[in-house]
Amino acid sequence: TGTSGHRFRSYREAIKMAKSGQYKKVYLNRGYNQITGQKVLPNRRPDVVGVRKTGEVDVVEVPSKTDRTDDLIQRNIDAQRQLPSRMRGNVDIVEIL
């Protein structure tokens, strides 16, 4: 996005996930379909996605200046509901500081 600090904050969150040791893969700006191998419609592209070693898919969204936090959460909840229950993880919002 064109929001100042968005990319940097997304990278910081991805690095934090990777360093935690809880995730087997961490992705930036990749669609649910590619990450999970499941058909998710529409194929949302969260800012950061981590696939835990246990298989759950956690999402971090960094709101842009035009995003509404409630919409980001709901879009990702709707996407996660299309995944098998064993893959459903957390949806978190992290503001640009």
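Does Asp 78 count as buried, exposed or partly exposed, and what is its relative accessibility? In this predicted model, Asp 78 has a relative accessibility of 36% and therefore counts as partly exposed. The side chain of Asp 78 forms a salt bridge with that of Arg 81, with an N to O distance of 3.6 Å. Both residues belong to helix α3, which spans residues 69-81, and they are separated by about one helical turn because they stand three residues apart. Arg 81 has a relative accessibility of 55% and so counts as exposed. Gln 74 is also found in helix α3. Its relative accessibility is 38%, which places Gln 74 in the partly exposed class. Gln 74 and Val 91 are 17 residues apart along the chain, and their C-alpha atoms are separated by 9.3 Å.

Six salt bridges are found when the whole structure is searched. One of them joins the side chains of Arg 68 and Asp 71 at 3.3 Å, N to O. Arg 68 is exposed at 51% relative accessibility, and Asp 71 is partly exposed with a relative accessible area of 33%. Exposure over 50% is the cut-off for the exposed class, so Arg 68, at 51%, falls within that class.

Helix α1 covers residues 6-20 and contains 15 residues. From its first C-alpha to its last, helix α1 reaches 21 Å, close to the 21 Å expected at 1.5 Å a residue. The buried residues of α1 are His 6, Arg 9, Ser 10, Glu 13, Ala 14 and Met 17. Viewed down the axis of α1, these buried residues fall within an arc of 140 degrees, so they line one face of the helix. They pack against strand β1, strand β2 (48-52) and strand β3 (57-61). Exposed residues Arg 7, Phe 8, Lys 16 and Lys 19 are carried on the face of α1 that is turned away from the buried side. After α1 comes Gly 21, which has a positive phi near 80 degrees.

Helix α1 also contains a salt bridge between the side chains of Lys 16 and Glu 13. The N to O distance in this pair is 3.5 Å, and the two residues lie three residues apart, about one turn of the helix. Their accessibilities place them in opposite classes: Lys 16 counts as exposed at 55%, whereas Glu 13 counts as buried at 7%. Arg 9 joins Glu 13 and Lys 16 in a network of salt bridges.

Val 48 lies in strand β2. With a relative accessible area of 0%, Val 48 is buried. Neighbours within four places in sequence aside, Val 48 is in contact with residues that include Ser 10, Glu 13, Ala 14 and Met 17, which are among the buried residues of α1. The contacts of Val 48 also include Val 26, Tyr 27 and Leu 28, together with Asp 58, Val 59 and Val 60. The C-alpha atoms of Val 48 and Ser 10 are separated by 6.5 Å, although the two residues are 38 residues apart along the chain.

Leu 28, one of the contacts of Val 48, lies in strand β1, which comprises residues 23-28. The relative accessible area of Leu 28 is 31%, and the residue is partly exposed. Tyr 11, Ile 15 and Leu 28 make a nonpolar surface patch of about 260 Å². Residues enter such a patch at over 30% relative accessible area, a cut-off that Leu 28 passes at 31%.

Two further backbone features occur in loops. Asn 29 is placed in the loop between β1 and α2. Its phi is near 50 degrees, a positive value in a residue other than glycine. Asn 29 has a relative accessibility of 39% and so counts as partly exposed. The other feature is a cis peptide bond between Leu 41 and Pro 42, with omega about -15 degrees. Pro 42 is located in the loop between α2 (32-36) and β2.

Methods: Residues numbered from 1 in each chain as written. Predicted model: local features only at pLDDT ≥ 70, side-chain atom pairs only at ≥ 80, totals over all residues. Heavy atoms only, no water. Patch = residues over 30% accessible without salt bridge, like charges linked within 9 Å, V, L, I, M, F, W, Y side chains within 5 Å. Areas by Shrake-Rupley, 256 points an atom, 1.4 Å probe, with all protein chains shown as cover. Salt bridge = Lys/Arg side-chain N within 4 Å of Asp/Glu carboxyl O. Helix = DSSP H or I, 4+ residues; strand = E, 2+ residues; numbered from the N terminus. Buried < 20%, exposed > 50% of the residue type's maximum accessible area, 1.4 Å probe, protein only. Expected span 1.5 Å × (residues − 1). Arc of directions from axis to C-beta. Contact = heavy atoms within 4.5 Å.
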